[in-house]
Amino acid sequence: MTPSGLLLDAVDRILPSTAPDPAAVWPGILLLVLVLAVPTARRWGRAAVTVIHEAGHAGVGLLVGRRFEGFTVDAGLGGRAITSGRGRGPGRIATAWAGYPAPALIGCLLVHAALGGWVGPILTLALIAELVLLIKSRSARTLGLVLLIIAATTALWWAGSSVVWAGPLALAPRDALTAGAGLVLLLGAWDALRDVAASHDPHQDHGSLAGLTHLPGWFWLGTWWLVIAGATAWSAWGLARSAGWV
């Protein structure tokens, strides 16, 4: 393929496409079932959730005027994002709160992008964000994990847009897998919320928020539950409507 042809292909993958009609949910659901059934796959999904969790802290921190210094993911799939700025105040609270809702919100965004023909722009933005995370990685494990996520996102971004699923439901493979990735992130958001709710570590995010605001930790757990539940419900509604079930 000529350089001009490659450029045209790249531009085609960046721009929005025609929304699939009708849209298939089956390939994405099959990916979710695979992650549920295979512990190793579910662990890799949780690793991606941790990266997005820390990116949530970093992204909101930048929006409120803090500096993003770097982040790490440890062997137990815990993570830490380092931002600098005022030690207290609304900006610090928003930064501390943003981690747990981030995977659910990104997952919901991916599902609706797949159903609406916006996979190209969303994956392009995701690649830019992942390159920033790559630069800000502060351990070899974190660097390797972000590189794997970049590779997976690039593969999705470059995947063909022709419909291969025959029958009453039809969806391009890139769209289907993107929807599946969104569902996996939603699952991981629930897993992470369950784990933090069972934790008695005062240094977890809800403990930090309790110290910053004097509101109890269970209050902050409740706010995360509401956001994750809302993102899950909106995603389920979008999938059901697109498939003609509602």
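Where along the chain does tryptophan 245 lie? It sits in the segment after α10, the helix that covers residues 217-242. Keep in mind as you look around that this is a predicted model.

## The tail end and its patch

Let's stay with tryptophan 245 for a moment. Its relative accessible area is 49%, so it counts as partly exposed, since the exposed class begins only over 50%. Tryptophan 245 also helps build something on the outside: together with Trp234, Trp237 and Val246, it makes a nonpolar surface patch of about 510 Å².

## The overall layout

Now zoom out. The chain has 10 helices and two strands. Reading from the N terminus, you meet three helices, then the two strands, and then a run of helices to the end: α-α-α-β-β-α-α-α-α-α-α-α.

How much of the chain is buried? Of its 246 residues, 44% fall in that class. The surface that the chain exposes comes to about 12400 Å², and 71% of that is supplied by carbon and sulfur atoms.

There is also a nice number for how the chain meets itself. Take the contacts between residues at least 6 apart in sequence: 74% of them join residues at least 24 apart.

## The hairpin

The two strands are easy to find. Strand β1 covers residues 67-73 and strand β2 covers residues 79-84; they run antiparallel and are joined by six bridges. If you want a pair to look for, threonine 72 stands opposite arginine 80 in β2.

Together, β1 and β2 form a hairpin, with five residues between them. In the turn, have a look at leucine 77, which has a positive phi of about 70 degrees.

The hairpin region has a salt bridge too. Arginine 67 pairs with glutamate 69, and their closest N and O atoms are 3.5 Å apart. Arginine 67 is exposed, with a relative accessible area of 57%, while glutamate 69 is partly exposed at 29%.

## Two nonpolar cores

Head inside and you find the largest nonpolar core, which has 31 residues. Those with the most contacts inside it are Ala104, Leu183, Leu193, Val196 and Trp224. The elements that give two or more residues to this core are α2 (26-37), α3 (39-63), α5 (101-116), α8 (173-198), α9 (205-213) and α10. Which of them gives the most? That would be α8, with nine residues.

Valine 196 makes a good stop on the tour. Leaving aside neighbours within four places in sequence, valine 196 is in contact with Tyr100, Gln204, His206, Leu221 and Trp224.

## Around isoleucine 122

Next, pick out isoleucine 122, which is found in helix α6 (residues 119-135). Is isoleucine 122 buried or exposed? Its relative accessible area is 18%, and the cut-off for buried is under 20%, so isoleucine 122 counts as buried.

Who does it touch? Apart from neighbours within four places in sequence, isoleucine 122 is in contact with Leu109, Leu110 and Ala113. Take leucine 109: isoleucine 122 and leucine 109 are 13 residues apart in sequence, and their C-alpha atoms are 8.4 Å apart in space.

## Salt bridges and a network

In total, the structure holds five salt bridges. One of them joins the side chains of arginine 42 and aspartate 191, at 2.8 Å from N to O. Arginine 42 lies in helix α3 and aspartate 191 in helix α8, so this pair ties together parts that are 149 residues apart in sequence. The two partners differ in how covered they are: arginine 42 is partly exposed, with a relative accessible area of 26%, whereas aspartate 191 counts as buried, at 5%.

Another salt bridge is formed by arginine 194 and aspartate 195, whose side chains meet at 3.2 Å, N to O. Arginine 194 is partly exposed, with a relative accessible area of 48%, and aspartate 195 is also partly exposed, at 34%.

These pairs belong to a bigger picture: Arg42, Arg46, Asp191, Arg194 and Asp195 are linked in a network of salt bridges.

Conventions:
Residues are numbered from 1 along each chain as its sequence is written. This is a predicted model: local features need pLDDT of at least 70, side-chain atom pairs count only at pLDDT 80 or more; totals for chains, interfaces and linings use all residues. Side-chain values use heavy atoms; hydrogens and water are left out. Helices (H or I, at least four residues) and strands (E, at least two) are DSSP runs, numbered from the N terminus. Buried means under 20% relative accessible area, exposed over 50%, partly exposed in between (1.4 Å probe, protein chains only). Contact means heavy atoms within 4.5 Å. Accessible areas come from the Shrake-Rupley method with a 1.4 Å probe; for residues, only the protein chains shown count as cover. Patches are made of residues with over 30% relative accessible area and no salt bridge: like charges are joined within 9 Å, nonpolar side chains (Val, Leu, Ile, Met, Phe, Trp, Tyr) within 5 Å. A salt bridge is a side-chain nitrogen of Lys or Arg within 4 Å of a carboxyl oxygen of Asp or Glu. Two strands pair if DSSP finds at least two bridges between them. A nonpolar core is a set of buried Ala, Val, Leu, Ile, Met, Phe, Trp, Tyr and Cys residues joined through side-chain atoms within 4.5 Å.
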